[in-house]
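Me: I've got a model open and want to go through the labels people put on it. Can you take them one at a time and show the reasoning?

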Amino acid sequence: MTLAATTRAPALEAPRAKSCVAATTTASQGLGAGSLGVAFRVAALGLTTVLGVVLARWLGPAELGRYETAMGWSALLAVLIVAGTDRLLVRETAAGIARGDHARVHGVRVWSALRHRNGTFLAIGAAGVVAALVGDAASASLVVFGAILAAGTAGTRRRAAILQGLGRV
């Protein structure tokens, strides 16, 4: 025998359900949580789409430059809200799944959700401050619309990163 063969650690086995009943219960709980997650995703995407359409209709074709300003503000704030956590989510989710460390995967997802929420509040607060300093009501509302749209865009990037880490792209 070689030295490598005698010092190699035994392979870890993946955790298994104790019975078919436990596996079915876990699957049904996951299905309920998954359905709720899909409902939240559809609601967030719908809200983002509706706000974009409302903004475009409110401004009209003559105000295309102002619409693009709001969309640019939204894109900038979305990058600041995400701030690199999307790449971290991909890496940590894939590593956790590969190691079978589902608690870590869950923890990273919860941490990123809290980070997203705090970043959204910060972005909307900053937009409110900028809107107060602008003084023009129309420009102020564009800034606030952009911040709200940024939250939806950042949420979409977060969900895409989680799915990419799970290998379900």
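Reply: Sure, and keep in mind that this is a predicted model. Let's start with handedness: helix 5 and helix 6 cross in a right-handed way. The residues that make this contact include R109, S112, H116 and T120 of helix 5, along with A147, A151, G155 and R158 of helix 6. Sorted by class, the contact has 15 nonpolar, 5 polar and 2 charged residues.

Me: What makes helix 5 roughly antiparallel to helix 6?

Reply: The axes of helix 5 (residues 102-134) and helix 6 (residues 137-166) cross at roughly 165°, coming within 8 Å. Angles over 145 degrees count as roughly antiparallel. That puts helix 5 roughly antiparallel to helix 6.

Me: And why are helix 4 and helix 5 called roughly antiparallel?

Reply: Same kind of check. Helix 4 (residues 85-99) packs on helix 5 at about 165°, and their axes are 8 Å apart. With the limit at over 145 degrees, the pair is therefore roughly antiparallel. The crossing of helix 4 and helix 5 is left-handed. Among the residues that meet there are L88, L89 and E92 in helix 4 and V108, R109 and S112 in helix 5. The class split for this contact is 6 nonpolar, 5 polar and 5 charged.

Me: What makes helix 3 and helix 5 oblique?

Reply: Their axes cross at roughly 140° and come within 9 Å. Roughly antiparallel takes an angle over 145 degrees, roughly perpendicular covers 65 to 115, and roughly parallel is under 35. An angle of roughly 140° fits none of those classes, so helix 3 and helix 5 are oblique to each other. Helix 3 passes helix 5 in a right-handed crossing. W73, L77, L80, I81 and V82 in helix 3 meet residues of helix 5, including H116, G119 and T120. By class that contact has 8 nonpolar, 3 polar and 1 charged residues.

Me: Zooming in, why is S112 called buried?

Reply: S112 has a relative accessibility of 2%. Buried means under 20%, so S112 counts as buried. S112 belongs to helix 5. Setting aside neighbours within four places in sequence, S112 is in contact with L89 and R158.

Me: How do you know that the side chain of S112 makes a polar contact with the backbone oxygen of R109?

Reply: The side chain of S112 reaches that oxygen at 2.9 Å. The cut-off for a polar contact is 3.5 Å between N or O atoms, and 2.9 Å is within it.

Me: Which backbone oxygen does the side chain of H116 reach?

Reply: The one of A151, at 3.1 Å. That is also within the 3.5 Å limit. H116 sits in helix 5, while A151 is found in helix 6. Beyond its neighbours within four places in sequence, H116 is in contact with I81, A151, A154, G155 and R158.

Me: Is A151 buried or exposed, and why?

Reply: Buried: A151 comes out at 16% relative accessibility, and the line is drawn at under 20%. Leaving aside neighbours within four places, the contacts of A151 are I81, H116 and T120. The C-alpha atoms of A151 and T120 are 5.6 Å apart in space, with their places 31 residues apart in sequence.

Me: What makes A43 partly exposed?

Reply: A43 has 46% relative accessibility. Buried needs under 20% and exposed needs over 50%, with partly exposed in between, so A43 counts as partly exposed. A43 lies in helix 2 (residues 20-59). The C-alpha atoms of A43 and G152 are separated by 10.0 Å, and the two are 109 residues apart along the chain.

Me: What stands out about the phi of A83?

Reply: A83 has a positive phi of about 45° although it is not a glycine. Most residues other than glycine have a negative phi. A83 is found in the loop between helix 3 (64-82) and helix 4. At 44% relative accessibility, A83 counts as partly exposed.

Me: How many helices and strands does the whole chain have?

Reply: The protein chain has 6 helices and 0 strands, and its pattern along the sequence is α-α-α-α-α-α. Of its 169 residues, 26% count as buried. Among contacts with a separation of 6 or more, 74% come from residues 24 or more positions apart.

Technical notes: Residues are numbered from 1 along each chain as its sequence is written. This is a predicted model: local features need pLDDT of at least 70, side-chain atom pairs count only at pLDDT 80 or more; totals for chains, interfaces and linings use all residues. Side-chain values use heavy atoms; hydrogens and water are left out. Helices (H or I, at least four residues) and strands (E, at least two) are DSSP runs, numbered from the N terminus. Buried means under 20% relative accessible area, exposed over 50%, partly exposed in between (1.4 Å probe, protein chains only). A polar contact is a pair of N or O atoms within 3.5 Å; within protein, one must be able to donate a hydrogen and the other to accept it, and residues adjacent in sequence count only if both atoms are side-chain atoms. Contact means heavy atoms within 4.5 Å. Axes are lines fitted to C-alpha atoms, for helices over the stretch in contact, and angles run from 0 to 180 degrees between N-to-C directions. A crossing is left-handed if the near helix is turned anticlockwise from the far one by less than a right angle, and right-handed if clockwise. Ala, Val, Leu, Ile, Met, Phe, Trp, Tyr, Cys and Pro count as nonpolar, Asp, Glu, Lys and Arg as charged, and the others, Gly among them, as polar.
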